[in-house]
Amino acid sequence: MKAVRLLEYGGRLVFNDVPTPTIARDEILVKVRSTAVNHLDLVEASGTARQILPIDLPWIPGHEFSGVVEQIGSDVAAWAPGDAVFGTTTGMGAYAEYLAVKAAAIANKPSKLSFEEAASVPVASQTAWEGIFAHGHLEKGQSILIHGGAGAVGAYAVQLASHAGATVIATASTDDEAYLKSIGASRVIDYRKAQFEKVLREKVDVVFNLIRGDTQKRSFLVLKEGGYLVSATQPVSEEESAMHHVSGVMMRLAPTGEGLGRIGRLLEEGTIRPDVATVYALEDVAQAWKDIARNLPGVHGMSPSEHEGARRKSHGKIVLRVA
Ligand SMILES: NC(=O)c1ccc[n+]([C@@H]2O[C@H](COP(=O)([O-])OP(=O)(O)OC[C@H]3O[C@@H](n4cnc5c(N)ncnc54)[C@H](OP(=O)(O)O)[C@@H]3O)[C@@H](O)[C@H]2O)c1
């Protein structure tokens, strides 16, 4: 099969033939139709976080996919060849024509979504769900501040929080204000023009932080006592959390097929919607990585000058079409 592989940390990606995976009794072979690019792919490939995020080289990147079940292991009862599915990877990556996954990692692809749209959903939507509900304990009638609301994860967080009956405030660029209001934000603060802690008059119950830098530290100032600061990007200071009488947690996504199935139903009924920024062919992965790297200067050899010209629509996922 064709696949994209990284042969050494910090190296370039190669697109060529590799053996098609064989499946264990409890696994499913999926013919991948699309996969999506995540910041994590580049961070892992760079080797900068190899102590906490080790990879086996040569490595096929890709944490999420959509596709069709090709073959099932003898112990698999819940799925059959021909089923359209989407999910997260459990071992090898999804930048490939075929993928072996555990049954518990997949869900039925919502029929109204294209394979490209479906591949964009699993990581961002489940990060949002876990961040705001499992860790942030957000409830109807509460308020939430989402930093990076127009990003891939942020857009799901805005939609899910709004659907849950919370008041949603998001930080983003002015360009993204109309988009964020169309998906449920009641207020958008332009992070380039205003400091959220200076313009917010009322404190919030939950902050969900999707941005690196001092945004997180400043967020303590806008949290109610007893509130939750959930970060997807950096550790939350225990000391400062205690000082401000809030709970702080850095989350790490723990995706499940069951959780994805729940999100799939919301997508199917049109309660939330996916957003795809760009679709590339799998062999054009290098360009896709350059596009996403504009928010990750220095990672995997990307310099600001290299990706300045590739400013993409600032919301939605970058998807790779595999078949
Ligand atoms: N812990 C986990 O389990 C987990 C899981 C998934 C993702 N993540 C992390 O979560 C983060 C977000 O991921 P993503 O896929 O949503 O990224 P993304 O699609 O690149 O979105 C980032 C968004 O943040 C905006 N932004 C940049 N600086 C900002 C600031 N100072 N204030 C407010 N908004 C700002 C960007 O808009 P502009 O156009 O204005 O730059 C963009 O819309 C990444 O760091 C990713 O690695 C963590």
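Which residues in helix α10 (residues 285-292) are buried? The first close-up has the answer, and this is a predicted model throughout.

**View 1. The buried side of helix α10 (285-292).** Val-285, Ala-288, Trp-289, Asp-291 and Ile-292 are the buried residues here. Look down the axis of α10 and they fall within an arc of 155 degrees, so they line one face of the helix. What do they pack against? Their partners are two elements from early in the chain, β1 (2-6) and β2 (13-17), plus α1 (39-46), β14 (276-281) and β15 (317-321).

**View 2. The largest nonpolar core, centred on its best-connected members.** This core has 40 residues, and Ile-144, Leu-160, Leu-180 and Phe-208 touch the most other members. Elements chipping in two or more residues are the helices α3 (122-135), α4, α5 (177-182) and α9 (257-268), along with the strands β8 (143-147), β9 (167-172) and β11 (204-209). The top contributor is α4, with seven residues. As a general rule, nonpolar side chains in soluble globular proteins tend to be buried together.

**View 3. Ile-144 and its contacts.** Leave out residues up to four places away in sequence, and Ile-144 still touches Ile-132, Leu-138, Ala-161, Thr-167, Val-168, Ile-169, Val-206 and Phe-208. Away from this neighbourhood there's also a second, separate core of 38 residues, with Val-37, Val-76, Trp-79 and Ile-318 among them.

**View 4. The one cavity of 30 Å³ or more.** How much space lies in the largest cavity? About 70 Å³. Helix α4 (residues 152-163) gives the most to its lining, with four residues. The full lining runs through Gly-151, Ala-152, Ala-155, Tyr-156, Gln-159, Tyr-179, Ile-183, Arg-273, Pro-274, Asp-275, Gly-316 and Lys-317. By character, that's six nonpolar, three polar and three charged residues. If you're wondering about the approach, rolling a probe the size of a water molecule over the atoms shows where empty space is left.

**View 5. Pro-235, out in a loop.** Is Pro-235 buried or exposed? Pro-235 is exposed, because its relative accessible area is 63% and the cut-off for exposed is over 50%. The loop in question sits between β12 (223-231) and α8 (238-243). Setting aside residues up to four places away in sequence, Pro-235 touches Gln-216 and Met-250. Another pair to pick out is Pro-235 and Val-249: 14 residues apart in sequence, they are 7.1 Å apart in space, C-alpha to C-alpha.

Notes: Residues numbered from 1 in each chain as written. Predicted model: local features only at pLDDT ≥ 70, side-chain atom pairs only at ≥ 80, totals over all residues. Heavy atoms only, no water. 1 Å grid on protein atoms, 1.4 Å probe; cavity = no way out; pocket = protein on both sides within 12 Å on 5 of 7 lines; lining within 4 Å. Points joined across faces, edges and corners; volume = space filled by probe spheres on them. Nonpolar A, V, L, I, M, F, W, Y, C, P; charged D, E, K, R; others polar. Core = buried A, V, L, I, M, F, W, Y, C linked by side-chain atoms within 4.5 Å. Buried < 20%, exposed > 50% of the residue type's maximum accessible area, 1.4 Å probe, protein only. Contact = heavy atoms within 4.5 Å. Arc of directions from axis to C-beta.
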